[in-house]
Amino acid sequence: MALPVDEWRLCAARRWAALEPALRERLAAASLHDTVRLGCDLLQPEAETLRRLCHRARTGKEQAAARFYRDEGNRLFGCRQYGAALRLYSRAASYELPGSPEVSVCFANRSAALFHLGCFEVCLEDIARAENHGYPDRLLPKILLRKAECLLCLGRLQDAADALSVVEDKIAMDGIMTSPTHQTLLKKLSQLKIKMHEKENCPEPAQEVCGDIKRQSEIWEENDSISGASSSLSLNFDIERGRHLVASQDILPGQSLLKEEAFVSVLCPGESFLLQDNSKTPWDTRVTNADLYCHRCLRQLLASVPCRGCSYAKYCSQNCADVAWEQYHSTECSLGALLLTLGVFCHVALRTVLLAGFAEVSRLVEWSHNGDKDLHSPEAKCKHLIEASDTIPGCNDSGQYQSSYQAVFNLLPHAEKHSPEHKFFCMLSVVAICNQLQEAGLEAAVLYQESSEKWLKPKPREKTSNELSPELKTVAEAMLRHVLQLQCNAQAITVMQESGSRDGAVVNKKPVRLATAFFPVLSLLNHSCCPNTSVSFSGTAATVRASQPIPSGQEIFHCYGPHRCRMRVAERQQLLRQYFFECRCQACLDDLESGDKSVVAVRNSFCCPSCWAPMQGEDVLCCSNEACAIPVDRESLSHRLQDLQQQIKKALELLRDGKADQAIKMLLKCQLDARSFLSPEHLLMGEMEDHLAQAYASLGKWQEAARHLKRSIAIVEMHHGPSSVEIGHELFKLAQVLFNGFAVSEALSTIERAEEILSVHCGPQSTQIQELKEMKTCLSDLPRSILQR
């Protein structure tokens, strides 16, 4: 969640309503500096409520939780659901104390799941972890045999021979035993020796299933004055548009314009950490982002490394865990429950000041006070600063705009445009964090960035009052600024995530919000409902590419969410109000002039149940065919649409349960119903075609799947255009279907078109492009007689 949990928001709203009117007026007119100082004493009455809410977040080490997840993992392992078992073993390891025999068992169990998934290198890492954490001596032969088998599978014969020798010595030292377990070990040892002998006589090239794909790099010429930007861009400023980027030369589609590492990013963890007060079980097995991605670099997790102090932070490697600990997690670790309760925006604000360091935070907060004395309007302040120094705000003394804390700090918080109640609510939240820092004895770690080892076990300080120290008030002020900035400047890091089962030959992917971040250079891009760029992410890095030709002198635009192809102009304007501007992009002007006869409005419309002509009107719709002119209540059609969506949802549940035939019957029935009241171009009609394609593909009926996908593509193209990223994703699925159906010629042409589109939006390094290249290589290597089919 971006914002705190609902209960805390309601609590803050009640506190605001209970304030004396004079105090509310003072807070409404106060600067950020004065808001913090006026509000520090206002948290105490609500502190107990916040503590109760924090108890719902399970972020500590708990052996009962570890036992539950390990047992669930064992159950799924027994059912041969190795991927699901692996994730539960990782969850179990995160709840165990570091260095304990119990955590070593989690790593050993996870190594077994990894072995069955064919991830041999990672399996070896987990076996080493199990040994290093004191795996029980009596069980060692079992994992040592697994180690030898992994080495054999990787073709490392000498290492495998050495491992087998160690196992033999270990068994010999333990003495002759006749137990079934011992006999099983001896039998396995004998089998591996035979396998070793066979491989020595007939060696095979080593293969690692989970290896990385080699990717080509893009040609890049960086801008001298804007870090991470192409030399084809220039930074401009005016009062109406603020800071913005403009093409300094003609730009071609697919050309990279910006590559930026997030200054700060925080993983959106999901809901499973937060339990309801009436929850029957304290443990939740739902898979969330926290299980799937590294909490620092956002790489996909296979075998996570847990934090040594909490259960909620997991990393892709020990190096990532160590770097995170040094930079910020030594402070955040004990605050996990509070941060989960107060939401991602507050978490981003805290991590931002931790990464910047107190010296830089204090310098810029003090600098902002000097400006606040004279100019309260950010736009006027920007104009004043430019006139005084001839430098665009956020640039350093050399006139360079860098991805730095100074650039983050200079993003507009729009403090005067937020409602006083919202500003008060955000203030209470950041003061709660600073209060907890002070109570936990972490103040010195924050202010002076002392050795992390010293603060591994923070000592609560003796307090004489609830008053924050002057330094922590400065931290709170900076954090309040950042929370307010995030409403207009937060960037969602998204990832293409597989939906449904991974076992199918056709993989359906959709974009999912993974993290919230500050990208100070990316934030320079203004919004358009029909942008000329496309943004993609790799870990914590964003890449902006031109999605269409951009002539020299034209501004570079990014879409903040409400795209012309997805929303009517009225809906877009409503959604964009959170950014405190009225959108006047060309797409909005065109739609307003045409009376909102947009693509979305026309093609997502209802049709007449009698003659199937388009319906017109507001509350009461009337058939556009004058010979028919049947009136229909919009509400009744909306209810039919909702019922239809529920039926589609049930069909997808059947498909997920492996009941494809039943899902197809239900989807065909839904299609028949939809044709009686929805436009043929309605986006839901395309979605049903897509679901039918997925169902037929799961049955191996490739021609049927391709037929439905082509219908889906036709509708998606009407909505989003022939070169859109949406079309690229649909073509990728069609390429998979044609590849599996051995329709060679059509598959190759579809692959080429998908490559062309996805390269523009996602770049040549994207996973989908690499998969398309692999399919093309496989098909191109076939004999000519087959290629001519």
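In this predicted model, Glu260 finds its bridge partner in strand β11, and that partner is Ala542. The pair belongs to a longer match-up: β3 and β11 (residues 541–546) line up in the antiparallel sense, with five bridges between them. On to β10, then. Six bridges tie β10 to β11, again running antiparallel, and here Ser538 has Ala541 of β11 as its bridge partner. With just two residues between them, β10 and β11 make a hairpin, and Gly539 in the turn shows a positive phi of about 65°.

Put together, these strands give an open sheet of three, in the order β3-β11-β10, with antiparallel pairing. The edges are held by β3 (256–261) and β10 (533–538); each has a single partner strand, so one side of each goes without a neighbour in the sheet. Ignoring direction, neighbouring strands here are turned by 15° against each other on average. A helix also comes into the picture: α30 (residues 744–762) lies across β10 and β11, and it runs at about 120° to β11.

Zooming out for a moment, the chain holds 32 helices and 15 strands. Out of its 789 residues, 50% count as buried. Take the contacts between residues at least 6 apart in sequence: 66% of them join residues at least 24 apart. The accessible surface adds up to about 37,100 Å², and carbon and sulfur atoms account for 50% of that.

Now for some individual helices, starting with α6 (residues 82–95). Its 14 residues reach 20 Å from first C-alpha to last, close to the 20 Å expected at 1.5 Å a residue. Of those 14 residues, 11 are buried, so α6 is largely enclosed by the rest of the structure. Among the buried ones are Tyr82, Leu86, Tyr89, Arg91 and Tyr95. What do the buried residues of α6 pack against? The list has three helices on it, α5 (63–78), α7 (101–116) and α12 (289–292), along with the strands β5 (305–306) and β6 (314–315). The loop between α5 and α6 contains Arg80. This residue has a positive phi of about 65° even though it is not a glycine. Is Arg80 buried or exposed? With a relative accessible area of 66%, Arg80 is exposed, since the cut-off for that label is over 50%.

Helix α19 (residues 420–439) is another enclosed one. It has 20 residues and reaches 28 Å between its end C-alpha atoms, close to the 28 Å expected at 1.5 Å a residue. Here 16 of the 20 residues are buried, so the rest of the structure largely encloses α19. After the helix comes Gly441, with a positive phi near 75°.

Helix α25 (residues 634–656) has 23 residues and reaches 33 Å from its first C-alpha to its last, close to the 33 Å expected at 1.5 Å a residue. Its buried residues are Leu637, Leu641, Leu644, Ile648, Ala651, Leu652, Leu654 and Leu655. The cover over them includes β14 (620–623) and β15 (631–633), as well as the helices α26 (660–674) and α27 (683–698). Just past the end of α25, Gly658 has a positive phi of about 85°. UniProt, in an unreviewed entry, gives residues 634–661 the annotation "coiled-coil region". In the model, that span is 89% helix and 0% strand, with its end C-alpha atoms 34 Å apart.

The unreviewed UniProt entry also lists "domain: MYND-type" for residues 294–333. This span comes out as 38% helix and 10% strand, and its end C-alpha atoms lie 15 Å apart. Asn319 sits in helix α13 (residues 318–332). At 52% relative accessibility, Asn319 counts as exposed, because anything over 50% gets that label. From Asn319 to Val305 the separation is 14 residues in sequence and 9.6 Å in space, C-alpha to C-alpha.

One last loop residue deserves a look. Phe580 lies between α22 (569–576) and α23 (586–593), and its phi is near 60°, a positive value in a residue other than glycine. How accessible is Phe580? At 24% relative accessibility, Phe580 counts as partly exposed, because the buried label needs a value under 20% and the exposed label one over 50%.

How values were computed
Residues are numbered from 1 along each chain as its sequence is written. This is a predicted model: local features need pLDDT of at least 70, side-chain atom pairs count only at pLDDT 80 or more; totals for chains, interfaces and linings use all residues. Side-chain values use heavy atoms; hydrogens and water are left out. Helices (H or I, at least four residues) and strands (E, at least two) are DSSP runs, numbered from the N terminus. The expected span of a helix is 1.5 Å times one less than its number of residues. Buried means under 20% relative accessible area, exposed over 50%, partly exposed in between (1.4 Å probe, protein chains only). Contact means heavy atoms within 4.5 Å. Accessible areas come from the Shrake-Rupley method with a 1.4 Å probe; for residues, only the protein chains shown count as cover. Two strands pair if DSSP finds at least two bridges between them. Axes are lines fitted to C-alpha atoms, for helices over the stretch in contact, and angles run from 0 to 180 degrees between N-to-C directions. UniProt positions are given in the numbering used here, feature names are shortened, and annotations may be inferred rather than shown by experiment.
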